[in-house]
Every structure is written in structure tokens, then in C-alpha cells.
Amino acid sequence: MNVLELHNVHKNYGGPPVVQDVSLSIAAGQTVAIIGPNGAGKTTLFGVMAGEHRATKGSISLFGKDATRAGAQRLSHLGVARTFPVARYFLAKTVEQNLVIARDAHQSKYRNPVSRTPRSDEGIRTALRAVGLDELRHQPSNTLSHGDRKSLEIAMALTQNPAVLLLDEPTAGMGAEDIPRTIRLLKGLRESRPDLTIIITAHDMEVVFALADRVVLMANGRVALEGNPSAIRDDPLTREIYLGNSYEGDKQ
Amino acid sequence: MTLLSTLISGVAYGVPLFLVASGLTLIYGVIGVLNFAHGSFFVVGALLVTTIIGSTVPTVPTFIIAVLAGAAVVAAVGMLTETTVVRHLYRRDHITMLLATFAILLIVEGAAEGIWGNSSRAINKPEILSGSTQILGTTIPLYDILLVFVGAVVAIGLFLLINKSTFGRSVRAIAQDQVMGEAVGLNTKRVMLLVFGLGSALAGLAGALIAPNVSVSPSLGHAFILQSFAIVIIGGLGSVTGSLVAALLVGVSEAFAVAYATYLTGFTFYILVAVILLVRPRGLLGSAKLGRA
Amino acid sequence: MSVSVRNPAPPINAGPPFVTASSRSRFDLRPIYEPLIFLLVTTAAYFVMPPNMQYVLGIAVIYALLATSLGVLFGWTGIYTFGHAAFFGIGAYATALLKEQAWGPLAFLGMSALIAVIAAVLIGLIGQRLAKVEFAMLTMIVGQIAYLLTFRVPVLQGDNGIYSIPRGDVFGIDLTPPVSFWWYSIIVVAIVMGVLRRIHLSPFGESLNAIRDDAVKAAAIGIPVKSLRLAAFALAGGVAGLAGGLFAQQGSIVTPSTLSFTFSGQIIIMALLGGMMGFWGPALGAILFQFINALVFGNSTHGTLVLGIILLAVVMLFPSGVLGVFARLRDLLMRSRSRQ
């Protein structure tokens with residue numbers, strides 16, 4: 001069954017369309033990478049999928065149910081978790097407290113204003129171990145290194161036990177030493193959660209080819225090509241679209 | 001009351017509101033600072049004029065000098081505020097700036113009470129402006145015509161200044177992106193200071209012009225800043241054109257309420273605010289920053 | 001634990017200098033013992049003070065509650081409001097208008113809170129789609145409308161205000177003597193503070209903090225940002241209304257000044273003086289402010305001017321208030337000790 005389906009999705013901000021006529025079907029357990037040069041509309045499409053922006057036209061369904069008008073908060077409760085290109089989390093809290101907030105939000109604990117002071121639990125420990133932040137759990141989160149910040153955000157998503165994980169530029173701004181770590185982390189995640197659907201946007205082709213089952217290449221707001229990673233890499237259209245523009249897919 | 005006279009008195013009522021609101025929105029659009037003290041600047045303009053004119057019946061030149069002096073002193077107060085307080089807080093968060101300008105509001109108002117006392121003052125108009133004239137068979141107060149004229153001059157002047165002058169070009173650049181403005185060699189510090197001064201001068205001008213029509217006291221600003229806040233919100237924060245449209249809308253609807261529906265007097269603008277906020281939460285011509293005024 | 005030296009990130013503005021480890025105990029006792037300490041300390045102070053200072057303290061603890069309700073908005077949730085006096089005033093006028101009813105004093109407080117909650121929900125709904133700054137302007141407008149209405153609506157008596165508001169009796173105890181009213185008001189204030197502290201520490205309170213720190217992220221992890229902001233506004237309005245009811249009973253008179261724009265400013269200054277971020281900051285600031293006001297500027301005719309200067313000084317020099325200064329001192333102390 002398809003977890004996420006987009007039908008003829010358009011998006012504009014009053015001006016010309018940034019995303020037009022995008023249709024995608026993503027099956028459970030797939031890892032899909034959305035790639036494309038700057039300005040291709042992948043970040044906007046990602047925002048539409050995450051409920052941050054609302055599609056101007058077209059429809060989106062999640063597990064076969066219409067979710068076109070669902071906002072970010074609603075989608076999160078429907079099992080869609082996301083990260084941001086620049087990691088977003090709560091700076092004034094420790095690593096562990098960030099995960100507690102994410103877990104409680106998912107369990108709708110905010111509904112009870114007089115319930116007990118929230119505490120950590122085993123699910124949180126597991127998420128911390130999965131991303132390798134177990135040692136740093138009492139560390140104030142604003143003191144983390146760049147790579148650890150990205151990992152923290154993934155851990156926050158994991159505590160929400162998502163069915164779909166949207167990772168917007170998971171390796172953005174990372175140094176060469178942190179990228180393999182992130183790839184290992186995500187590979188491990190796919191092994192332990194084979195039913196988890198992962199959608200990533202990436203500039204870094206190393207990540208795309210290491211992880212993706214399927215690649216969606218965008219150009220000028222449309223889907224230009226779609227297929228398995230090697231087919232996309234070998235297609236002459238890919239080179240044409242990137243026009244030598246930071247395309248390093250076959251550097252190894 | 002005919003339709004024409006109602007319309008003109010409405011526009012005349014709207015002009016001071018436009019002046020105050022356009023200054024407020026200009027400062028917000030360019031610098032990103034919502035100046036809570038703006039209303040107190042307006043009052044200082046009015047109070048200064050009452051002091052200069054006193055109980056005399058001023059001649060037209062005296063009146064003009066008094067009004068310009070009011071605007072100039074308020075511009076100086078505004079620029080002093082920018083250099084001593086506002087400038088040091090650009091890098092702090094939003095709330096710090098709001099609180100600081102709120103503090104300045106209290107300080108200016110308190111100082112005005114200290115200088116001018118709490119009593120109300122009234123001044124005379126120049127003799128020639130206190131009469132009225134006949135247009136198309138209806139009686140129109142000359143002072144209203146003056147206000148409409150000043151409003152038109154300021155609106156056109158602001159439009160030309162922002163859209164056609166070199167200064168305007170740097171203003172727009174800085175409103176778009178301050179860092180870029182600095183990077184391409186604009187003196188952002190100076191431009192921001194001048195914008196703050198200009199916005200304040202508009203408040204002072206409004207206060208000076210309204211002085212002969214109302215009784216002036218340090219608390220005059222409360223009711224007025226409220227209305228100009230409302231105008232800035234319904235016009236769209238940062239849009240000078242929006243504040244012009246909104247001010248005229250408020251002025252004219254108030255004049256029609258006075259003429260045809262007295263029970264609504266004083267409440268029209270609350271109704272307008274509520275309706276517009278519900279329909280268009282970003283205001284009539286809302287944009288976060290001043291793109292094109 | 002202290003800030004790591006591994007990666008000395010610059011302190012984020014207004015963030016606490018320490019991140020305290022979450023309590024290990026399953027039952028967090030802070031909502032019980034903290035208000036109890038507050039009650040005991042203020043009561044001890046009350047009984048050693050001369051009567052004129054007792055009067056100041058009596059008002060100060062009511063303002064402590066009021067300032068804490070403002071802290072719910074500014075400090076916990078990051079909602080800026082410049083018309084908070086409106087809810088205090090609505091609560092005070094509710095108790096005043098209902099004075100003929102043969103109710104117990106606690107019922108009046110309940111009604112004050114309820115009416116203020118209704119007003120807050122209405123305003124919150126109107127302003128729900130507004131951005132932060134526009135919402136701040138809206139609250140200022142609403143506050144001013146409430147103030148002007150007291151002059152427009154005849155039953156509110158304009159400048160004369162409404163007087164002869166009875167204190168009544170609770171559990172057979174007559175509240176007319178100052179000492180009995182002290183006990184009544186401090187117990188009410190302490191209980192409400194305890195409830196607020198409980199809310200502050202609950203996942204609901206944590207979610208409000210999350211919204212304050214990053215509303216986009218909060219929505220992305222599933223926190224209903226709009227409804228929680230509305231809930232916080234209603235909570236703050238209700239508590240302010242209750243404080244207003246208490247204030248009306250205390251002074252037995254209500255005047256438009258309880259709704260005024262200057263008073264809204266004073267509440268902000270109180271909360272800011274203590275520090276918006278900590279739970280007890282606003283309460284501490286309110287008490288401090290009342291005493292500074294009574295001792296230093298008691299009969300000053302330049303109240304507004306002095307108020308403005310204090311606010312400006314606090315904002316520019318000590319943005320995190322008295323609690324922030326304490327925290328900074330503690331930080332220095334810890335650092336110098338660890339050096340030895």
C-alpha cells in the first residue's frame with residue numbers, strides 16, 4: 001500500500017508556481033530522495049508534504065486518507081515526523097528534555113495541565129542510543145556540535161514513533177567526518193525499522209546513492225525524472241539539468 | 001450636512017491620523033521597530049504649538065512657523081531617542097525593543113506632564129483660517145481644506161521621497177535587507193536615524209496641526225495613538241499607502257457616523273478594526289516589510 | 001551541572017545560565033512547598049511590619065499573582081501583551097458590579113475569574129491569526145477600549161468608581177479586620193500560585209515553553225500552537241481577573257485606574273523587575289516594586305516619568321531582572337569556587 005500519495009500538487013506564493021503538477025506515490029518502507037539544483041522547488045515540495053505550506057492545487061493522501069489540508073501539527077499526529085535543514089530544537093533544554101517534549105507532544109500530554117512533571121523513559125533512551133547521543137543526554141542542547149544537533153533532531157523525530165520520516169537536508173553544513181556517521185545512522189534505522197518510509201532532500205549525492213531506493217529529480221518545479229539511483233545517474237538529462245552545477249554523483 | 005461636506009470633514013479628520021500612522025509604519029517598515037512612544041511624540045508637537053502661540057490670535061506666518069517648529073523639535077526628540085536607546089537594541093530581541101519604546105512613552109509623557117501640567121489648553125487659529133467657504137452650495141470650514149491640502153502634500157511628498165529619490169532608494173534597500181544595504185556601501189546608520197527623525201516629524205506635524213481643533217493635554221496621545229495603531233494594523237504594518245487608505249476609511253466612516261448614525265460615533269473605528277482583522281489579518285495592504293510605499 | 005567547556009557556545013539571550021536536571025522524583029513537590037514558603041515568608045514579614053507597610057504588603061501579594069499571570073504570557077509562552085490591566089480591571093469590576101449578591105467572597109473571585117476568561121477567549125480568538133507585534137498592538141487597543149468604556153457605560157460610574165464592595169465572611173470568619181483579610185488573601189494567592197506552578201511544570205507548561213522558543217518546531221512535533229496560545233491567554237486572563245476580584249475586596253473600591261494603560265505598563269515593569277523567565281520572578285518583582293514605590297516614590301507627582309526611567313534602565317541594563325542578576329552572581333561564585 002502507498003503510504004503517501006501526491007496528485008498534481010501545485011504551489012505558488014501569489015506569483016508564478018514554485019511547484020507544479022507533481023504526482024508521487026511512495027510505498028511503505030521505501031527511502032526516496034528528492035534531488036535537484038537550487039530553485040528546483042524541492043524545499044517547497046518538502047514543506048507541502050510536511051504541512052508547513054498548503055498546496056495551492058492538487059491533493060495529498062496519507063495511508064489512503066485525504067491529508068491535503070492537514071497542517072504540520074496534524075500530520076505529526078498522523079505519523080509524519082520531520083527535520084529542518086538547520087536543526088531546530090529547544091536551546092534552553094538538555095538533550096533529554098528535548099526528547100521528552102517531543103514524546104509528550106506526540107502523546108498529546110499537553111491536554112492535561114496538572115499532570116505530573118514529565119520524565120524520561122526507555123523509549124527516549126532507545127532513541128538516544130540509536131543516534132549515539134546517550135552519553136550527552138544531560139548536556140545543554142545549545143552546547144552540542146553541529147553533527148550532534150542534527151542527530152538530536154532525528155532522535156526527537158524517532159521518539160514520536162513515526163511511519164514517515166521527512167529529512168530535509170540531513171547532511172547540510174556537515175563536515176566530511178560527520179557525513180558517514182549520518183549515513184550509518186540512517187542505514188541502521190532502515191534495518192531496525194523496515195516499515196519506516198523515509199523521504200530526504202539532499203544536495204549531497206553520496207547520501208542519496210548510499211540510502212535511496214528511488215530518486216526523484218526535480219527541475220523548475222516539476223518532476224523531471226524518477227527512477228532507481230543508477231538509472232537517474234546515467235540519464236543524460238540529469239547532467240543537462242545540473243549543467244555541471246555541483247553534480248558529483250560519479251566522483252567515486 | 002451634505003454628502004460633500006461630510007466627505008471633506010471625514011478626510012480632514014483622517015489626515016492627522018494618516019500623518020501619525022504613516023510615521024509609525026515608515027519606521028516599522030524600514031527599521032523594524034514598532035515605536036510605542038510615537039503617540040507621545042505627537043502630543044509634544046501639539047503642546048509645543050500651544051506654548052508658542054499662547055493666547056494670541058496668530059498670523060498665518062506665525063502659525064506656519066509654530067507648526068514647523070513643533071515638527072522640527074519632535075524630529076529632534078525622535079533622533080535623540082534613536083541614538084540613545086533604539087540604536088543600541090537592534091541586536092536584541094523583539095520584546096526588548098517594544099519594552100524600551102514603551103518606557104520612552106512613559107518618560108516623554110511624564111516629562112510632558114512635568115513641563116506643561118495636566119490641564120487642557122486651547123489655542124486660536126489664524127483669523128483667515130477660522131472661517132468657512134462655500135463650495136457647490138455647502139459650507140466647508142477653511143481649516144478642513146488646509147488639512148486636506150497638507151495631507152495630500154505629505155502623501156505625494158512621501159511617495160516621491162520613497163520611490164523617486166536617491167535617499168528613497170537607500171531606504172528601500174535597507175528595508176529589504178539591512179545587511180545587504182551595508183554590504184553595498186550604504187550608510188545604514190545614518191539612513192535609519194533619518195527615517196526615525198522623519199517618522200517622528202510626521203507625528204509632531206500631526207500634533208501641531210490638530211492643536212487648534214482640540215483641547216490639548218499630555219493625555220491627548222492615548223486616544224490618538226490607539227487610533228493610529230488601529231490604522232497601522234488595518235492598513236498593514238509597514239505600508240504607507242495602506243495607512244493612507246485606512247486613515248481615510250476611518251475618517252470618512254466616523255464623519256458619516258456623526259452625520260447619519262450618531263449612536264455609532266466614536267465606535268466606528270473599533271468596528272472597522274474588528275471586521276478587517278477578521279477578514280484580512282495581515283491588513284489591507286499588509287506586508288511585513290516596506291517594499292514599495 | 002554547568003555549561004560545557006567543550007564547545008563554549010555564546011549564551012543565547014535571556015536563556016537561563018544553567019539547565020537544571022529534571023527532578024528524579026515521581027512526585028514533584030515544588031508546587032506544594034514553594035507556595036508554602038511564599039506564604040510563610042510573607043506572613044512572617046506581615047506580622048513584624050508597621051500597619052502602613054502591612055497595607056502595602058497586602059496589595060503587593062495580590063500584584064504578585066497578577067504579575068505571575070503576565071509571566072504566563074511573556075515568560076512562558078512568548079505572547080506579548082500591553083493591555084493586561086484590562087483583565088485585572090474586568091475582574092475587579094465584576095466583583096464590584098455583583099456586590100449586591102449574597103455570595104461568599106470566594107464565589108465573587110470565581111465569577112471575576114470566569115468573566116475575565118470569557119473576555120480573554122474572545123480577544124484571543126479575534127487575535128488568533130495575528131503576528132506577535134500586531135497582537136501586542138491589539139491588546140493595547142482592547143485595554144484602552146475597556147478603560148474608555150468605564151466612562152461611557154453609566155453603571156460603571158466613570159471616574160467615581162464603584163465603592164462599598166463588601167468583604168463578606170468565609171467559613172464564619174468575618175474578613176473585615178485587616179488580619180483576617182490578610183490570611184484570606186495570602187491563602188488564596190498561595191493556592192493559585194501552587195496551581196500555576198503545577199501547570200508550569202506539567203507537559204502543558206513545557207509545551208508553552210516550546211512554543212515560546214520555536215513555534216515552527218513546536219508545530220512540527222505536534223504541539224497545537226494556536227490552541228495552546230489561546231489556552232495560555234485564557235489562563236493568564238482568568239488569574240488576572242481573580243487577582244482583580246481580590247483587589248476589589250481588599251480596597252472595597254474599584255476605579256478606572258485599575259484598567260489604565262499606565263497600570264498595564266506597571267504590571268510589565270513588576271514582572272520584568274523580577275525576571276520573566278523564572279516562575280517566581282514576576283511575583284518577586286511585584287513585591288519589590290510595591291515597596292520601592294511606597295518607600296521611594298510614595299508621594300511623587302512624577303510617577304509616570306520615574307516609572308519610565310526604571311523600565312528603561314531594567315530593559316537596557318538588566319534584561320533578565322532580579323532573578324537574572326542572582327543567577328549571574330551564582331554563576332560567578334561557582335566559577336570562582338571551581339578555580340580554587
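Here are a few questions and answers about chain A of this predicted model.

Residues are numbered from 1 along each chain as its sequence is written, while chains are lettered from A and ligands numbered from 1 in the order written. Local features need pLDDT of at least 70 and side-chain atom pairs count only at pLDDT 80 or more, whereas totals for chains, interfaces and linings use all residues.

User: Which element supplies the largest share of the side of chain A that touches chain C?

Analyst: Good place to start! Here 38 residues of chain A are in contact with 36 residues of chain C, contact being C-beta atoms, placed from the backbone, within 7 Å. Both α2 (72–77) and α3 (95–106) of chain A supply at least two residues of that side; helices are DSSP runs of H or I, at least four residues, and strands runs of E, at least two, numbered from the N terminus. The largest share, 6 residues, belongs to α3(A).

User: Why do β2 and β5 of chain A each have one side without a neighbour in the sheet?

Analyst: The open sheet has 4 strands with antiparallel pairing, ordered β2-β1-β4-β5 (chain A); two strands pair if DSSP finds at least two bridges between them. β2 (17–27) and β5 (65–66) of chain A have that free side because they stand at the edges, each with a single partner strand.

User: In β2(A), what is the bridge partner of A:N2?

Analyst: Happily, this one is quick to trace. Strand β1 (residues 2–12) of chain A pairs with β2(A) in the antiparallel sense over 7 bridges. In β2(A), A:N2 has as its bridge partner A:A27.

How values were computed: Two residues are in contact if their C-beta atoms, placed from the backbone, lie within 7 Å.
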